[in-house]
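Welcome! Let us take a short walk through a protein structure, looking at the empty spaces inside and at some of the charged pairs that link its parts.

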Amino acid sequence: MPRPDGTLKVTGEFAYSSDLWLEGMLWGATLRSPHPSAWIRSVDAGPALAMPGVFAVLTHADVPGEKFYGLERRDQPVLAVDQVRYQGEPVAIVAADHPETARRAAAAIVVEYEEREAVTDARRAAFDPSCPAVHPEGNLVRHQPVRVGRTFEAEVVVTGEYEVGMQDQAFLGPESGLAVPAEDGGVDLFVATQWLHVDQDQVAPCLGLPKEKVRLTLAGVGGAFGAREDLSMQVHASMLALRTGRPVKMVYGREESFFGHVHRHPARMRYEHGATADGRLVYVKAEIVLDGGAYCSSTPAVVGNAASLGVGPYEVGNVWIDAYGVYTNNPPCGAMRGFGAVQACYAYESQMDRLAAACGLSPVEIRVRNAVSQGSRLATGQVIDSPAPLADMLAELAAMPLPPEPAGGPDLRLLPGGVAQTTHGEGVRRGVGYGVGIKNICFSEGFDDYSTARVRVELAGDEPHVLVHTAAAEVGQGLVTVQAQIARTELGIGRVTIAPADTAVGSAGSSSASRQSYVTGGAVKAACEAVRARLDALRAAHPGLSLAEVLKRFGPVEETREYRHRPTFPMDPVTGQGDSHTQLALCVHRAVVDVDVELGLVRVVELAAVQDVGKILNPLALEGQIHGGSAQGLGLALMEEIQVRDSRVRNPSFTDYLIPTILDMPPMRLSILENPDPHAPYGLRGAGEPPTLSSTPAVAAAVRAATGLDLPRVPIRPEDIALAPVAG
């Protein structure tokens with residue numbers, strides 16, 4: 001099916017949130033702290049208010065309702081109250097008649113800070129009692145242990161310490177939106193977000209308004225990947241609109257965007273794997289420390305994922321995991337594609353390669369011997385009760401042909417460094433690596449995870465027409481297409497319109513956790529089935545009438561349904577046991593790389609992937625999800641990192657924060673399997689996140705194979721290769 005938004009996006013006609021416009025609107029701007037940790041001694045807005053064209057300057061004293069918000073803990077101030085906890089924290093906001101005026105006015109505000117020691121090291125924040133407390137209750141956000149078995153001795157033991165850098169979601173559409181004051185004293189907010197109703201739940205109390213007076217409509221979203229789950233400019237624009245009585249638009253620049261949203265949690269991890277001499281796992285020990293930055297965001301859930309999936313998709317009878325999420329004065333971290341499982345996957349897959357070498361086995365064989373299958377238990381005790389053909393997936397991946405070696409003289413365009421001619425092939429080595437990942441789908445640990453859909457069948461002219469209304473955010477993944485496909489399938493009506501997502505219908509939850517096709521797809525399916533039942537009854541009672549004649553005589557038929565997946569349960573706080581996830585998805589990757597071992601430059605020659613998706617709903621969109629997830633995993637392996645030094649961001653731009661381009665992304669071989677999950681609508685399995693997990697360790701393993709180096713950290717930087725000490 002063609003994407004209804006596809007042509008508009010390709011031609012540049014699609015209206016993104018940054019394109020919003022209303023006659024007479026003002027522009028908002030934000031003053032942010034230059035310090036990662038400081039007391040605020042005074043704020044003087046006088047110079048800004050004196051500037052022509054400035055309509056309002058607001059600080060925390062002007063917040064009309066609650067001064068704090070947050071996804072899981074309301075610990076983040078709308079505007080800094082008496083202190084700042086990270087570089088870039090909002091201190092004041094301005095509304096003016098021109099964006100440049102607003103920016104100059106924000107810069108004119110005089111703030112007196114008293115700097116203090118910043119907490120920069122997550123491990124120190126977690127374990128050192130002398131470390132300053134970022135928040136009054138201390139630095140620990142969550143500690144989640146997992147305890148299984150009592151045997152922690154084995155014939156073969158491998159240990160490793162691993163580190164994952166801070167990755168950015170790097171969406172192309174910066175944070176933006178338009179707040180419009182309403183006649184009833186409320187506000188209409190048009191914004192690019194991932195979760196309309198949770199935004200509403202946070203914005204309304206801060207504005208001192210009932211929820212029904214804060215109405216949100218999804219504006220065009222230019223990518224998300226988790227970073228739009230948290231608030232950015234929503235409360236600020238609304239405050240300015242209500243204060244001035246004028247529409248207020250806010251659009252972050254690229255540098256401000258780096259400070260205005262959460263990032264992937266950096267992680268430092270210690271692992272120990274014990275196995276029999278023939279490579280069968282006996283035990284896994286792990287310590288996972290996740291740097292949550294200055295505020296909580298979704299850190300508790302990220303810790304839960306890292307802990308519950310911390311040994312990967314492998315059968316092991318003895319597990320001792322401690323996963324920690326901590327506060328620091330580093331940039332706040334929260335949701336990003338893979339959500340805690342990415343960090344753990346890099347460590348446990350690196351360990352599986354070490355174990356393979358120690359046991360004299362191939363990387364594929366060590367994984368096959370320990371692979372989970374349907375009926376296996378996770379470390380949490382949860383039984384995998386749907387197909388999980390990991391051993392078969394690995395065998396299929398290993399059987400795929402490798403890309404050919406270059407024939408004849410080297411093509412410089414296909415070497416590391418490309419047409420820069422840094423090499424003619426003399427220092428280039430090829431390596432092959434494998435990665436396996438397991439990811440939970442939908443929300444976990446007892447969260448009331450549901451979606452709502454309203455479906456209406458009516459006449460449009462003389463033809464039946466379907467209107468589907470949900471609050472599910474289309475963030476580029478193709479959800480509007482899938483909703484229409486489901487409606488056509490269930491109702492047999494070709495003309496389908498997807499209404500704009502807004503808070504006038506019940507919540508659909510977040511466009512995250514690879515959940516929308518499952519949960520919103522389930523809700524649309526259920527609502528369509530209810531509509532179809534009513535239409536069938538009407539036609540049965542009035543035989544001979546066509547569907548159009550039934551609608552003409554009896555009017556539109558409309559039904560609203562909520563869909564919930566089966567319940568999940570919190571992990572036990574001591575043992576980590578519990579059925580915490582509703583669905584699990586597997587993806588396996590093989591990476592082939594060429595490495596210039598003298599300069600440390602890497603070219604990924606090919607990625608191959610096998611993924612089980614349960615049921616394919618839209619083949620082209622699905623392939624795009626696997627390609628996109630693989631690209632983000634490649635980026636984390638080789639180039640993407642927010643450089644933070646002394647809690648200060650050093651590279652807040654796309655000049656210095658590097659993301660893969662079309663020249664970095666290699667050809668991909670895909671095998672997409674369909675083993676239906678009997679518990680899911682249509683048997684589908686969420687597909688967006690798993691390829692992000694397994695692609696990173698596969699690329700890293702391939703670089704290790706080419707260089708012979710340990711390389712315990714991603715992203716792997718050129719100096720990690722070129723300046724590595726020579727063995728012996």
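What follows is a tour of the cavities and then of the salt bridges.

Please keep in mind that this is a predicted model.

**Enclosed spaces**

Rolling a probe the size of a water molecule over the atoms shows where empty space is left. In this structure, three cavities of 30 Å³ or more turn up. The largest cavity has a volume of about 270 Å³. Its lining is made of 25 residues, and those closest to the centre are Tyr69, Gln76, Tyr86, Leu231 and Gly260.

Which helices and strands help to build this lining? At least two residues each come from β5 (76-77), α6 (234-244) and α7 (254-260). Helix α6 gives the most, with three residues. Sorted by class, the lining of the largest cavity contains 13 nonpolar, nine polar and three charged residues.

Next comes the second largest cavity, with a volume of about 130 Å³. Here 18 residues form the lining, and Ile384, Ser386, Pro387, Leu584 and Arg685 are nearest the centre. Strand β23 (residues 583-596) supplies the largest share of this lining, namely four residues. By class, the lining of the second largest cavity has 10 nonpolar, four polar and four charged residues.

**Charged partners**

Now for the salt bridges: the count for this structure comes to 44. Three of them are set out below, each with its N to O distance.

| Salt bridge | N to O distance |
|---|---|
| Arg103 and Glu100 | 2.7 Å |
| Asp353 and Arg367 | 2.9 Å |
| Arg430 and Glu405 | 3.9 Å |

Start with Arg103 and Glu100. These two residues both belong to helix α3 (residues 99-108), where they sit three residues apart, about one turn of the helix. Are they buried or exposed? Arg103 is partly exposed, because its relative accessible area is 44%. Glu100 is partly exposed as well, with a relative accessibility of 37%.

The salt bridge between Asp353 and Arg367 joins side chains from two helices. Asp353 is in helix α9 (residues 341-359) and Arg367 is in helix α10 (residues 363-370), so this pair ties together parts that are 14 residues apart in sequence. As for surroundings, Asp353 has a relative accessible area of 19% and therefore counts as buried, since buried means under 20%. Arg367 is also buried, at 0% relative accessibility.

What does the pair of Arg430 and Glu405 tie together? Arg430 lies in strand β18 (residues 428-441), while Glu405 lies in the loop between α11 (390-399) and β18, so their salt bridge links parts that are 25 residues apart in sequence. Arg430 is partly exposed, with a relative accessible area of 23%. Glu405 counts as exposed because its relative accessibility is 54%, and exposed means over 50%.

Finally, some salt bridges share partners: Arg3, Asp5, Lys9 and Glu474 are joined in this way into one network.

**Looking back**

To recap, the largest cavity, at about 270 Å³, receives three residues of its lining from α6. The second largest cavity, at about 130 Å³, receives four residues of its lining from β23. Among the salt bridges, one lies within helix α3, one ties α9 to α10, and one ties strand β18 to the loop between α11 and β18.

Note on methods: Residues are numbered from 1 along each chain as its sequence is written. This is a predicted model: local features need pLDDT of at least 70, side-chain atom pairs count only at pLDDT 80 or more; totals for chains, interfaces and linings use all residues. Side-chain values use heavy atoms; hydrogens and water are left out. On a 1 Å grid over the protein atoms alone, a cavity is a set of points where a 1.4 Å probe fits but cannot get out, and a pocket is an open set with protein on both sides within 12 Å along at least five of seven lines; lining residues have an atom within 4 Å of a point. Grid points are joined across faces, edges and corners, and a volume is the space filled by probe spheres set on the points. Ala, Val, Leu, Ile, Met, Phe, Trp, Tyr, Cys and Pro count as nonpolar, Asp, Glu, Lys and Arg as charged, and the others, Gly among them, as polar. A salt bridge is a side-chain nitrogen of Lys or Arg within 4 Å of a carboxyl oxygen of Asp or Glu. Buried means under 20% relative accessible area, exposed over 50%, partly exposed in between (1.4 Å probe, protein chains only).
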